[in-house]
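Reader: I'd like to go through the empty spaces in this one with you. Can you show me the structure before I start asking?

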Amino acid sequence: MNIQFRDSAGVTVVAVAGKLDALTAADYETTMKALLADGKTRCVVDFSELTYISSAGLRVLLAAAKSTKAAGGETRFAGVTGNVLAVIEMTGFNSILSLHDSVDAALGAM
Amino acid sequence: MLLAKTIAARLILVTVLCTALVFALVLGVVDYRSQAIVEAEAAQSARHLAQASVYRVEAVLGAVTKTTEGLARTLESGEIGDQELRTLLRRSVESNPEIFGAAAAFEPAELGGPERRYAPYYFRSGDKISSMQLDETENYPLHDWYQIPRELGRAQWSEPYYDEGGSKTLMASLSVPFYSGSGEQRRIRGIVTADIALDWLTKTVDAIKVLDTGYAFLLSRNGTVITHPDAARMLNETIFSVAEARDDPAMRELGRRMIRGESGFAPYLTFKEVKSRLYYAPIPSTGWTLAIVFPEAELFADVRTLTLTVTAMGIAGLLLLAGITLRIARSLTRPLGELAAATAAISEGRFDVRLPSGNAQDEVGALSRAFRAMTIALREHIRRLVETTSAKERIEGELRVAHDIQMSILPKMLPLLPQRAEFDLHAAMVTAKEVGGDFYDFFEIDDNHLCLVIADVAGKGVPAALFMAVTKTLLKANAKAGRSAAEILGKVNDEIARDNEQSMFVTVFCGILNLKSGELVYTNAGHNPPVLMRRGAAPEWLPGKPQLVVGAMPAIGYCSSSIVLERGDRLMLYTDGVTEAVDLDGTFYGEQRLLQDVAHTSGSVRDDVAALITAVESFAAGTEPADDITVMLVEFRGPGLE
């Protein structure tokens with residue numbers, strides 16, 4: 001898994017590539033906690049390069065989104081397609097996460 | 001036998017041997033050189049002593065020679081009457097105390113006729129001077145003292161002899177020929193002789209004392225012993241007779257040198273066979289030899305004493321050296337020995353053994369310090385190894401605990417529920433090494449309702465197992481008669497979502513089957529869609545909208561779906577361990593493959609569960625299963641014919 005950041009008008013765009021599973025979930029969790037600690041509570045997580053997500057990945061996704069929300073922030077997800085989208089839909093996470101087709105769309109919705 | 005096995009022994013052996021060798025060499029050279037110096041000094045003093053003695057003897061003999069030669073020249077100078085001759089002879093004896101007697105013996109033919117002999121002889125007899133006619137007592141022309149100088153034509157000393165006649169002393173005679181005319185007319189007229197007693201010579205030579213027992217002796221022209229401290233040897237032995245008796249060629253050669261008139265310093269064995277050095281020098285006028293004897297024992301006594309003293313000091317020094325070497329070697333090897341003992345102790349695992357102090361700044365100290373560092377590092381390494389091992393054991397222990405929890409919460413398949421004719425059910429699970437969080441459950445809510453549950457907890461290991469146990473308990477506690485699956489999951493969700501800081505959640509499929517009517521009321525909270533297998537039809541997904549997992553958010557309003565199962569219809573529940581199993585290429589088993597594989601199964605529920613699991617496992621052959629694989633298959637048979 002590879003995580004990259006960029007800032008776009010006060011919103012942190014977090015691009016996650018590769019697999020988000022039990023092995024890499026801790027990395028994602030640490031990264032998002034660090035962002036929160038920096039006060040960057042407005043995030044767009046770009047999943048367009050993400051190929052797989054497991055239940056452990058969903059758990060850290062949920063935990064991070066909850067923390068951000070508790071801090072008054074907002075997390076939106078962009079580019080969720082294919083496999084990842086199938087899992088998110090199957091588990092009903094699409095009902096509690098804000099999903100967008102593209103990063104721009106997500107930024108526009110912020 | 002003491003073999004030089006230890007360093008100390010080898011060190012001592014080498015040190016002492018080398019030192020002893022050098023010492024012996026030095027001592028030998030010093031001893032040899034000292035002897036040579038002493039010998040040279042002895043030769044020097046012997047030469048001086050001998051020269052002094054020779055001069056003294058020569059002085060006496062020279063006076064006698066002068067007197068006798070004078071007498072002979074007087075007789076040659078003209079006609080001297082008988083009375084005048086007698087006066088001359090008497091005066092010669094009177095005025096020369098060394099001369100014992102003097103004679104003038106005339107050549108018989110000279111006096112005018114054959115057989116005419118005349119030889120007046122004057123000699124000391126007590127305090128007076130007596131005379132006699134030699135021609136009256138003996139046939140003097142035939143004697144050596146007359147013959148030899150006559151033939152040689154020059155003065156000649158006789159061999160010493162013992163005067164058996166008047167004086168009874170050791171004597172020697174000088175014979176000097178005298179002539180008449182000159183040139184062609186020169187004719188021998190006779191021989192003048194002077195006898196001297198040699199008792200003074202004996203005394204002179206005897207007076208020469210060398211060291212304690214050294215002495216001098218005199219040899220004649222023929223090697224005969226003239227004087228000797230041992231009087232019995234005088235005139236009775238020659239140096240050649242002794243050499244003959246001993247068969248000693250070196251001594252014979254020495255004798256030859258002596259009578260040739262040479263001088264020198266030579267090894268010599270005395271008549272009493274005492275090892276000695278001999279200095280010899282000629283007395284030129286007589287051709288005799290003066291010999292001075294130095295007993296070796298006395299000559300080299302000082303050198304011997306010195307050598308013995310130095311040897312004793314050397315041995316004491318060697319012992320001291322050995323002692324000091326032993327001390328140093330011990331001090332060197334003691335820490336080594338202690339290190340060896342410590343090593344042996346450490347090899348037995350006793351790390352607390354005391355190491356020899358590494359304070360010394362030498363190599364042994366360095367070794368000791370290095371060894372100490374090594375021991376500390378070794379101890380640390382082993383400690384870490386133990387920690388790592390125990391950490392690994394702890395992880396494995398935790399996995400075992402998680403696995404035990406997982407296994408203990410699953411319903412036991414055998415014996416199955418109290419046998420019910422209305423349905424048949426089988427479930428199986430292949431657990432991943434790390435507990436994946438799958439579980440299933442089935443129980444009767446009342447006589448007519450069977451609750452079916454399959455779930456997958458997010459996360460792995462002990463937390464997942466515990467969360468699984470909690471979920472199962474909550475599900476069972478809330479599955480009360482009259483409640484729909486949606487109501488049950490709603491209540492469980494509220495319980496879990498409250499205080500769920502870890503955001504743990506679980507995907508659950510919960511269905512309640514009416515065993516009489518075959519109606520199935522179910523809710524799928526984020527779980528994999530079950531497969532519905534109508535009898536005689538192709539497998540299809542159980543219809544129903546996906547809903548949110550349990551535990552993610554509080555106050556979720558779940559809704560139920562329902563279908564009616566006919567006799568022989570089957571429902572297959574499974575977890576994502578089935579659809580997300582991967583082969584070696586990384587391809588998922590997937591939902592399409594699942595539908596295809598279950599389409600061909602038509603055995604008992606038990607067989608078909610086993611067949612599916614086998615199919616998944618053979619698909620994923622060669623990979624380590626990442627998640628639990630769980631399958632539950634239920635077949636509705638309908639109420640019995642009453």
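Author: What follows is a short chat about cavities and one buried residue in a predicted model.

Reader: How many cavities of 30 Å³ or more does a search of the whole structure find?

Author: Two. The largest has a volume of about 90 Å³, and the second largest holds about 30 Å³ of space.

Reader: What makes a residue part of the lining of the largest cavity, and which residues line it?

Author: A lining residue has an atom within 4 Å of a cavity point. Residues from chain A, including A:Ile53, A:Leu58 and A:Met90, line the largest cavity, and so do residues from chain B, among them B:Asp456, B:Asn528 and B:Glu580. Helix 2 (55-70) and helix 3 (82-90) of chain A each give two or more residues to that lining.

Reader: How do the lining residues divide by class, in the largest cavity and in the second largest?

Author: The largest has four nonpolar, five polar and three charged residues. Asp and Glu count as charged, so B:Asp456, B:Asp576 and B:Glu580 fall in that class. The second largest has five nonpolar, four polar and no charged residues. Among its lining residues are B:Leu71, B:Ile99 and B:Thr193.

Reader: Why is B:Thr227 called buried?

Author: Buried means under 20% relative accessible area. B:Thr227 has 0%, so it is buried. B:Thr227 sits in strand 9 (residues 225-227) of chain B.

Reader: Which residues does B:Thr227 touch, not counting those up to four places away in sequence?

Author: B:Leu201, B:Thr202, B:Val205, B:Phe217, B:Leu218 and B:Met234.

Note on methods:
Residues are numbered from 1 along each chain as its sequence is written. Chains are lettered from A and ligands numbered from 1 in the order in which they are written. This is a predicted model: local features need pLDDT of at least 70, side-chain atom pairs count only at pLDDT 80 or more; totals for chains, interfaces and linings use all residues. Side-chain values use heavy atoms; hydrogens and water are left out. On a 1 Å grid over the protein atoms alone, a cavity is a set of points where a 1.4 Å probe fits but cannot get out, and a pocket is an open set with protein on both sides within 12 Å along at least five of seven lines; lining residues have an atom within 4 Å of a point. Grid points are joined across faces, edges and corners, and a volume is the space filled by probe spheres set on the points. Helices (H or I, at least four residues) and strands (E, at least two) are DSSP runs, numbered from the N terminus. Buried means under 20% relative accessible area, exposed over 50%, partly exposed in between (1.4 Å probe, protein chains only). Contact means heavy atoms within 4.5 Å.
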